[in-house]
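Subject: Structure for you, plus what I found

Hi,

Here is the structure I promised to pass on. Have a look at it first, and then read my notes below.

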Amino acid sequence: MYYAIIANDVADSLERRKQARAAHLERLEALKSEGRLLMAGPFPAEDTTEPGEAGFTGSLVIAEFESQAAAQAWAEADPYVEAGVYEKVTVRPFKPVLP
């Protein structure tokens, strides 16, 4: 089943994001290579794809896991969690319908 991992950043998270980004992307690439990643990306702090110093307010990952517990464990092991980027992480079942 797919799960949506919705993360909210702490204030002024940009520098922490930059430091942990390579490790964060490496885990997403692993999901992609396993055919389990539906989509992933950050929420820009401003209405632009390149928010510059405004940074980001959180992230969304939608990926396939065996269970919600497995998705939660994967989310908790994210380098952004360890780096203190995320203030809150929510994991919810997700049912893709379209396209």
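Before anything else, a cut-off: a residue is called buried when its relative accessible area is under 20%, exposed when it is over 50%, and partly exposed in between. By that yardstick, 30% of the 99 residues in the protein chain are buried. Please keep in mind that this is a predicted model.

**The overall picture**

The protein chain has 3 helices and 4 strands, and they come in the order β-α-β-β-α-α-β along the sequence. A compact globule of 99 residues would have a radius of gyration near 13 Å, and the protein chain agrees with that, at 13 Å. If you want a feel for the dimensions, the C-alpha atoms fill a box of roughly 35 × 30 × 25 Å along the principal axes.

The contacts reach a long way along the sequence. Take those between residues at least 6 apart: 75% of them join residues at least 24 apart.

As for the surface, the accessible area of the protein chain is about 6300 Å², and carbon and sulfur atoms account for 52% of that. There are 10 positive and 16 negative charges, and the mean positions of the two sets lie 5 Å apart.

**Helix α2**

This is where I spent a good part of my time. Which residues of helix α2 are buried? In this helix, which covers residues 68-76, they are Ala71, Trp74 and Ala75. Looking down the axis of α2, you find its buried residues within an arc of 100°, so they line one face of the helix. The general rule behind such a pattern is that an α-helix has 3.6 residues a turn, so residues three or four places apart point the same way. Ala69 and Glu76, on the other side of α2, are exposed.

And what do the buried residues of α2 pack against? Their partners are β1 (2-9), α1 (14-33), β3 (56-64), α3 (79-82) and β4 (86-94).

Alanine 71 is a good one to click on. Its relative accessibility is 0%, so it counts as buried. Setting aside neighbours within four places in sequence, alanine 71 is in contact with Tyr3, Ile5, Phe65 and Val91. You can also check its spacing to arginine 92: the two are 21 residues apart along the chain, with 8.8 Å between their C-alpha atoms.

Glutamine 72 also lies in helix α2, but it has a relative accessible area of 25%, so it is partly exposed. From glutamine 72 to tyrosine 3 is 69 residues in sequence, yet 9.1 Å in space, C-alpha to C-alpha.

**Strands β2 and β3**

Next, a pair that touch each other. Phenylalanine 43 sits in strand β2 (residues 37-44), and leucine 60 is in strand β3. Leaving out residues up to four places away in sequence, phenylalanine 43 touches Ile6, Ala7, Phe56, Thr57, Gly58, Ser59 and Leu60. With the same neighbours left out, leucine 60 touches Ala4, Ile5, Ile6, Met39, Ala40, Gly41 and Phe43.

Are they buried or exposed? Phenylalanine 43 is partly exposed, at a relative accessible area of 34%, and leucine 60 is partly exposed too, at 22%.

Two distances to try in your viewer: the C-alpha atoms of phenylalanine 43 and glycine 55 are 8.8 Å apart, with their positions 12 residues apart along the chain. For leucine 60 and glutamate 46, which are 14 residues apart along the chain, the C-alpha separation is 16 Å.

**Two backbone details**

As background, most residues other than glycine have a negative phi, and most peptide bonds are trans. Two spots here go the other way.

The first spot is aspartate 12, in the loop between β1 and α1. Its phi is near 55°, a positive value in a residue other than glycine. Aspartate 12 is also exposed, with a relative accessible area of 77%.

The second spot is the peptide bond joining leucine 98 and proline 99, which is cis, with omega at about 5°. Proline 99 belongs to the segment after β4.

That's the lot from me. Shout if anything is unclear.

Cheers

How values were computed. Residues numbered from 1 in each chain as written. Predicted model: local features only at pLDDT ≥ 70, side-chain atom pairs only at ≥ 80, totals over all residues. Heavy atoms only, no water. Buried < 20%, exposed > 50% of the residue type's maximum accessible area, 1.4 Å probe, protein only. Helix = DSSP H or I, 4+ residues; strand = E, 2+ residues; numbered from the N terminus. Arc of directions from axis to C-beta. Contact = heavy atoms within 4.5 Å. Rg over C-alpha atoms; globule rule 2.2 N^0.38 Å. Areas by Shrake-Rupley, 256 points an atom, 1.4 Å probe, with all protein chains shown as cover. Lys, Arg positive; Asp, Glu negative; His and termini not counted. Charge placed at Lys NZ, Arg CZ, Asp CG, Glu CD.
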